[in-house]
Amino acid sequence: MTLRLRELPTFSVIVLFLQFQLAFYSCNSFVKMRLLCVVTAVCLGVGVMAGKYSREVNEPSQGGSDGQTVEFRIAKLNQVWEKAKRMQLSPVRQAELHSDLKIQEKDELQWKKMKVEGLDENGEKEAQLRRNFNVILAKYGMDGKRDMRPMESNSLKDHEAKDGDAFDDPKLDKLWNKAKTSGKFSNDELQSLKREFQHHKDKIHEYNLLMDTVSRTEEIHKNVISSIEGDAKEHVLQQKHTELKEKMRDLNHGFERLRKISHEGFSQDSEFREPRVIELWEAAKRANLSKDELESLKEELRHFETKVEKHSHYQEQLQLSHQKLQHVESLGDKEHIKRNQEKYNTLAEKTREMGYKMKKHLQDLSNKISRQGLQHNEL
């Protein structure tokens, strides 16, 4: 007779029960009572083990707290998403969070496969995933801290906002005001430049969040149990600081570009308009790629820029749709509300889907440029 593993607990109970019957009728009353206690304890233990390894416990639930299908395959990500909905983030922020959580889910599922295969022995990838998750929580105000971090870079300590300030950073505000009054930019060019300034401000914010996350976890790595564990923790800590240095280097390059454009205006041969694409292109030019590789990458970046612009358009439409839905809800026409709610839900889902694809493409391009640059440097 062939038995599957999950049937063994039940089979064991049957055998025990038969043995119990034979022994029970051949014993006196005191021994019978002892046997009853033993069998009861065994049955309870088997029941607990069967529950621990049951399909219901180990497979993810298909229903959330509201009975709807869960968004993510990882429980903690679903908890963050449910909390975000309770916080009533703006539609665009919710869509951005959803994309970030999807990327986090993809990376964590890949890491789980790596771990099964015996990779990531020093825990470097695991530490990076934990760090990324903490940055997501901080970015959307779900880390339990009052978010004053956009104002915490070294250059912002004694800075107070004044009329005309747009980016909460004295250096950025000074450059922006100089560009606005220089007469070197058309209205369209000023809009493009403003997007670059805003992107740089967001990068400063992300750097501050990462630095805060790293500093809050450093104390954990100082509590060393053994020299071997200490070496592993030291390696992870060094990797964190390397990541911070790379981001600071990118910030410096970005600021230098803004400074040059603000003084000289856009060059006639500007390749791209979107800040994230410009950032990738500048990184690619610094990566010592061959001429053919740069041309190939330039074409891929053009396609990516189209994707970014389309996503930005959908974000704008989502915000407008939300405003219209709020207006309709204030009027109280249920049929009108239902139609607008359906349109809004469809647009929100499309925006989230496009946001994930765009961020996934951005991640792939960043990794591609980093790998190729490293390969060339090694040569």
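Read along the sequence, the secondary structure of the protein chain runs α-α-α-α-α-α-α-α-α-α-α-α. That comes to twelve helices and zero strands. The model is a predicted one. The protein chain has 379 residues, and 34% of them are buried. Its exposed surface is about 24,500 Å², of which carbon and sulfur atoms supply 52%. For contacts between residues at least 6 apart in sequence, 68% join residues at least 24 apart.

**Helix 4 against helix 5**

Two packed helices are described by the angle between their axes and the distance between the axes. Helix 4 covers residues 75-87 and helix 5 covers residues 91-116; the two pack at an angle of about 175°, with axes 10 Å apart. Helix 4 is therefore roughly antiparallel to helix 5, because angles over 145 degrees count as such.

On the helix 4 side, the contact involves Lys 76, Leu 77, Val 80, Trp 81, Ala 84 and Lys 85. These residues meet Gln 94, Leu 97, His 98, Leu 101, Gln 104, Glu 105 and Glu 108 of helix 5. Sorted by class, the contact of helix 4 with helix 5 has six nonpolar, three polar and four charged residues.

Two of the residues named in this contact, Lys 85 and Glu 105, also take part in salt bridges. Lys 85 pairs with Glu 82, and Glu 105 pairs with Lys 102. Each of these bridges stays within one helix. Glu 82 and Lys 85 both lie in helix 4, three residues apart, which is about one turn of the helix. Likewise, Glu 105 and Lys 102 are three residues apart in helix 5, so about one helical turn separates them.

The burial of these residues can be compared with the cut-offs. Glu 105 has a relative accessible area of 7% and is therefore buried, since buried means under 20%. Its partner Lys 102, at 23% relative accessibility, counts as partly exposed. Lys 85 is also partly exposed, at 32% relative accessibility.

**Salt bridges**

The count for the model is 25 salt bridges. Three of them are listed here with the N to O distance.

| Acidic residue | Basic residue | N to O distance |
|---|---|---|
| Glu 82 | Lys 85 | 3.5 Å |
| Glu 105 | Lys 102 | 3.6 Å |
| Glu 282 | Arg 257 | 3.7 Å |

The side chains of Glu 282 and Arg 257 meet in a salt bridge. This pair links distant parts of the chain: Glu 282 sits in helix 10 (residues 275-286) and Arg 257 in helix 9 (residues 227-264), 25 residues apart. Glu 282 has 23% relative accessibility and so counts as partly exposed. Arg 257, with a relative accessible area of 21%, is partly exposed as well.

Other salt bridges share partners. Through them, Glu 271, Glu 295, Lys 298, Glu 299 and Arg 302 are joined into one network.

**Gln 315 in helix 11**

Which residues does Gln 315 touch, not counting residues up to four places away in sequence? They are Val 92, Glu 96 and Thr 351. Gln 315 itself is placed in helix 11, which covers residues 291-331. Its relative accessibility is 16%, so Gln 315 counts as buried. Val 92 and Glu 96 are contacts of Gln 315, and helix 5 spans residues 91-116.

How values were computed: Residues numbered from 1 in each chain as written. Predicted model: local features only at pLDDT ≥ 70, side-chain atom pairs only at ≥ 80, totals over all residues. Heavy atoms only, no water. Axes fitted to C-alpha atoms, helices over the stretch in contact; angles between N-to-C directions. Helix = DSSP H or I, 4+ residues; strand = E, 2+ residues; numbered from the N terminus. Parallel < 35°, antiparallel > 145°, perpendicular 65-115°, else oblique. Contact = heavy atoms within 4.5 Å. Nonpolar A, V, L, I, M, F, W, Y, C, P; charged D, E, K, R; others polar. Salt bridge = Lys/Arg side-chain N within 4 Å of Asp/Glu carboxyl O. Buried < 20%, exposed > 50% of the residue type's maximum accessible area, 1.4 Å probe, protein only. Areas by Shrake-Rupley, 256 points an atom, 1.4 Å probe, with all protein chains shown as cover.
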